[in-house]
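Visitor: Could you take me on a close look at one buried spot in this model, and then show me how the packing around the rest of the chain is laid out? I would like the cut-offs spelled out as we go.

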Amino acid sequence: NLLTNNAFLGLAAVGMTVVIISGGIDLSVGAVISTTAMIIAVLDRSGVAAPLAIAIAILFATSLGLLMGLMIQYFEAPPFIVTLAGMFFARGLGYVLSLSSIPIKGPFYHAMSTAGLRFAGGAKLTVPAMIFLFIVLITWYLLKYTKFGRTCYAMGGNEQSAFLMGLPVPRTKILIYTFSGFCSGIGGLVYVFFTLSGYGLAAIGLELQAIAAVVIGGTLLTGGFGSVIGTLMGVGIRGTIQTFITFQGELNVYWTPIFVGLLLFLFILLQKAFVAGTKLGK
């Protein structure tokens, strides 16, 4: 349940982890998740087959990530501004598609929302949870064992030095934001499986929750250090806090951001101490 309830947030956080490790930021992830789900919902209402609708929606998310990466690299625009523009564009497109929630009635989506692996004791690993874990494993492999991953870490440490070392910095930067867009597109698909609807107001502020999960997972906001496995733990910690408050009964749900904020303060201090210790060690 913890993995299922936080799957679309986790997928956004996975893409965000790669971006932050490289020294960048992506503020568009929440809007892209919402609009991807809206595209699927609108196409489903129009009678478009599920595979084609999903392909179109994920292509939109990936293409937007590619466009932002190209602008950041070749126009030397700050990632904050470019991805903020991407957020406004994606959110606005979602509103244009529909201002109200659109239910998704396709049999494929309903089948995916209920499918999963059952274990002894009644536990169930749902499709959204499996997709989330699969993307985490793929990203872990990319960061740890490929040239793309090594270049991401080198860029986060010092982009100019990475370029002088002969690493493919321009190509990697474009791929980083394309990958983040792809992860958000998959997050939108998972949102569809989870809610069986598309809604233009969904996932507002999710980009900040994703950043929080990444930081709690140990990734430095300055770049150059971090792990997607840490992000998985960060998403789990946030989800555990939310679940505890929900079932505890005496606290309302608005205590969740308070506890997450306190955790962020704590991890920022720990990161500062880690950086200071590293400098002293050198």
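**A close look at Thr-219**

Guide: Happily! Thr-219 has a relative accessible area of 0%, so this residue is buried (buried means under 20% relative accessible area, exposed over 50%, and partly exposed in between, with a 1.4 Å probe and protein chains only). This is a predicted model, in which local features need pLDDT of at least 70 and side-chain atom pairs count only at pLDDT 80 or more, while totals for chains, interfaces and linings use all residues. Residues are numbered from 1 along each chain as its sequence is written, and side-chain values use heavy atoms, with hydrogens and water left out.

Thr-219 sits in the loop between α11 (206-216) and α12 (228-248); helices are DSSP runs of H or I with at least four residues, numbered from the N terminus. Not counting residues up to four places away in sequence, Thr-219 touches Thr-17, Ile-20, Ile-21, Val-214, Phe-225, Gly-226, Ser-227, Thr-231 and Gln-271, where contact means heavy atoms within 4.5 Å.

Another buried residue is Ser-184, at 1% relative accessibility. Ser-184 lies in helix α10 (residues 169-195), and beyond its neighbours within four places in sequence it is in contact with Val-29, Val-32, Ile-33 and Thr-36.

Now for the nonpolar cores, each a set of buried Ala, Val, Leu, Ile, Met, Phe, Trp, Tyr and Cys residues joined through side-chain atoms within 4.5 Å. The largest has 74 residues, and Met-16, Ile-40, Tyr-109 and Ile-176 have the most contacts inside it. Helix α2 (residues 7-21) gives this core its largest share, 12 residues. A second, separate core has 7 residues, among them Ile-216, Ile-241, Val-260 and Phe-267. As for Ile-40, its contacts, leaving out residues up to four places away in sequence, are Ala-53, Ile-54, Ala-57, Ile-104, Tyr-109, Leu-189 and Val-192.

Ala-53 turns up again beside Leu-43, which is in contact with Val-48, Ala-53 and Ile-56 once neighbours within four places in sequence are set aside. Leu-43 belongs to helix α3 (residues 29-45) and is buried, with a relative accessible area of 18%. From Leu-43 to Ala-162 there are 119 residues in sequence and 43 Å in space, C-alpha to C-alpha.

Finally, Leu-66 in helix α4 (residues 50-74) counts as partly exposed, because its relative accessibility is 36%.

Technical notes: Helix = DSSP H or I, 4+ residues; strand = E, 2+ residues; numbered from the N terminus.
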